[in-house]
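Here is a structure to look through in questions and answers, each of which sets a computed value against the definition it is judged by.

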Amino acid sequence: MKLFDEHGDINLRYIVLGVGTLLLVMLFFMAYFTVQQYERGVVKTWGKIAYVADPGIGFKIPFVQSVTYLRTDVLSMQPVKKVNTYTADNQEIDILFTVFYRLPVNKVAFIYENAQDYQARLLNIAEDRLKAEM
């Protein structure tokens with residue numbers, strides 16, 4: 001098989017072979033994913049949770065499955081502005097606080113499915129608890 005045909009044009013077989021090879025290489029690189037030690041991967045098939053991937057290498061079906069990563073190490077967050085509240089002796093104070101939290105590894109699928117806004121919820125609970133304690 002020659003690269004050029006008798007008219008000097010590139011042979012169509014080589015173009016098809018090159019495009020096919022490129023597509024196979026792309027599919028290979030889209031078929032695996034890596035989950036770091038400090039996170040878990042929620043693997044979804046057509047948007048429905050299929051399983052939670054542990055740290056290491058995992059495989060998925062390209063274009064059918066997708067992976068969302070949730071961190072399970074200790075994280076922190078602060079409110080955007082200071083929280084204004086009153087103490088027990090009726091003194092006004094502004095407080096800037098930090099919340100440290102960790103997602104339980106065995107609850108990652110539940111949190112992804114039911115509480116994707118878990119950070120906002122946690123911050124609201126912490127702020128309410130802070131005001132109640134003051």
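Q: How are helices defined here, and how are they numbered?
A: Helices are DSSP runs of H or I with at least four residues, and they are numbered from the N terminus. The model they are read from is a predicted one.

Q: What makes glutamate 127 and lysine 131 lie about one helical turn apart?
A: Both residues belong to helix 3 and are 4 residues apart there, which means that about one helical turn separates them.

Q: Why is the contact between glutamate 127 and lysine 131 called a salt bridge?
A: A salt bridge needs a side-chain nitrogen of Lys or Arg within 4 Å of a carboxyl oxygen of Asp or Glu. The side chains of glutamate 127 and lysine 131 meet at 3.7 Å, N to O, so the pair meets the definition. Glutamate 127 has a relative accessible area of 22% and is therefore partly exposed, since its value falls between the 20% and 50% limits. Lysine 131, at 35%, counts as partly exposed by the same limits.

Q: How do you know that glutamate 133 and arginine 129 form a salt bridge?
A: Their closest N and O atoms are 3.0 Å apart, so they satisfy the 4 Å cut-off. Glutamate 133 and arginine 129 also lie in helix 3, 4 residues apart, or about one turn of the helix, and both of them are exposed. A search of the whole structure finds 5 salt bridges.

Q: What makes the salt bridge of aspartate 54 and arginine 40 a tie between separate parts of the chain?
A: The side chains of aspartate 54 and arginine 40 meet at 3.6 Å, N to O. Aspartate 54 lies in the loop between strand 3 (48–53) and strand 4 (56–59), whereas arginine 40 is in strand 2, so the salt bridge ties together parts that are 14 residues apart in sequence.

Q: Why is arginine 40 called buried or exposed, and what about aspartate 54?
A: Arginine 40 has a relative accessible area of 12%, and because buried means under 20%, arginine 40 counts as buried. Aspartate 54 has 52%, and because exposed means over 50%, aspartate 54 counts as exposed. Arginine 40 lies in strand 2 (residues 39–45), and, not counting residues up to four places away in sequence, the residues touched by arginine 40 include Val52, Asp54, Tyr69 and Leu70.

Q: What makes up the largest nonpolar core?
A: The largest nonpolar core has 17 residues, and those with the most contacts inside it are Leu70, Phe97 and Tyr118. Strand 6 (75–77), strand 9 (99–101), helix 2 (108–114) and helix 3 (118–133) each supply at least two residues of this core. Apart from it lies another core, of 5 residues, among them Phe33, Val35, Ala53 and Val67.

Q: Why is the aromatic pair of phenylalanine 28 and tyrosine 32 called tilted?
A: The structure holds 4 aromatic pairs. In the pair of phenylalanine 28 and tyrosine 32 the centres are 6.0 Å apart, within the 6.5 Å limit, and the planes are 55 degrees apart, which is neither under 30 nor over 60, so the pair counts as tilted. Phenylalanine 28, at 55% relative accessibility, is exposed because its value is over 50%, whereas tyrosine 32, at 30%, is partly exposed. Phe28, Phe29 and Tyr32 form one aromatic cluster.

Q: How do you know that tyrosine 101 and tyrosine 118 are edge-to-face?
A: Their ring centres are 6.2 Å apart and their planes are 70 degrees apart, so the angle is over the 60 degrees that edge-to-face requires. The pair links distant parts of the chain, with tyrosine 101 in strand 9 and tyrosine 118 in helix 3, 17 residues apart. Tyrosine 101 at 9% and tyrosine 118 at 17% are both under 20%, and therefore both count as buried.

Q: Why is leucine 12 called exposed?
A: Leucine 12 has 58% relative accessibility, and because exposed means over 50%, leucine 12 counts as exposed. Leucine 12 lies in helix 1 (residues 12–30), and is one of the residues, including Ile10 and Met26, that make a nonpolar surface patch of about 770 Å².

How values were computed: Residues are numbered from 1 along each chain as its sequence is written. This is a predicted model: local features need pLDDT of at least 70, side-chain atom pairs count only at pLDDT 80 or more; totals for chains, interfaces and linings use all residues. Side-chain values use heavy atoms; hydrogens and water are left out. Contact means heavy atoms within 4.5 Å. A nonpolar core is a set of buried Ala, Val, Leu, Ile, Met, Phe, Trp, Tyr and Cys residues joined through side-chain atoms within 4.5 Å. Buried means under 20% relative accessible area, exposed over 50%, partly exposed in between (1.4 Å probe, protein chains only). Patches are made of residues with over 30% relative accessible area and no salt bridge: like charges are joined within 9 Å, nonpolar side chains (Val, Leu, Ile, Met, Phe, Trp, Tyr) within 5 Å. Accessible areas come from the Shrake-Rupley method with a 1.4 Å probe; for residues, only the protein chains shown count as cover.
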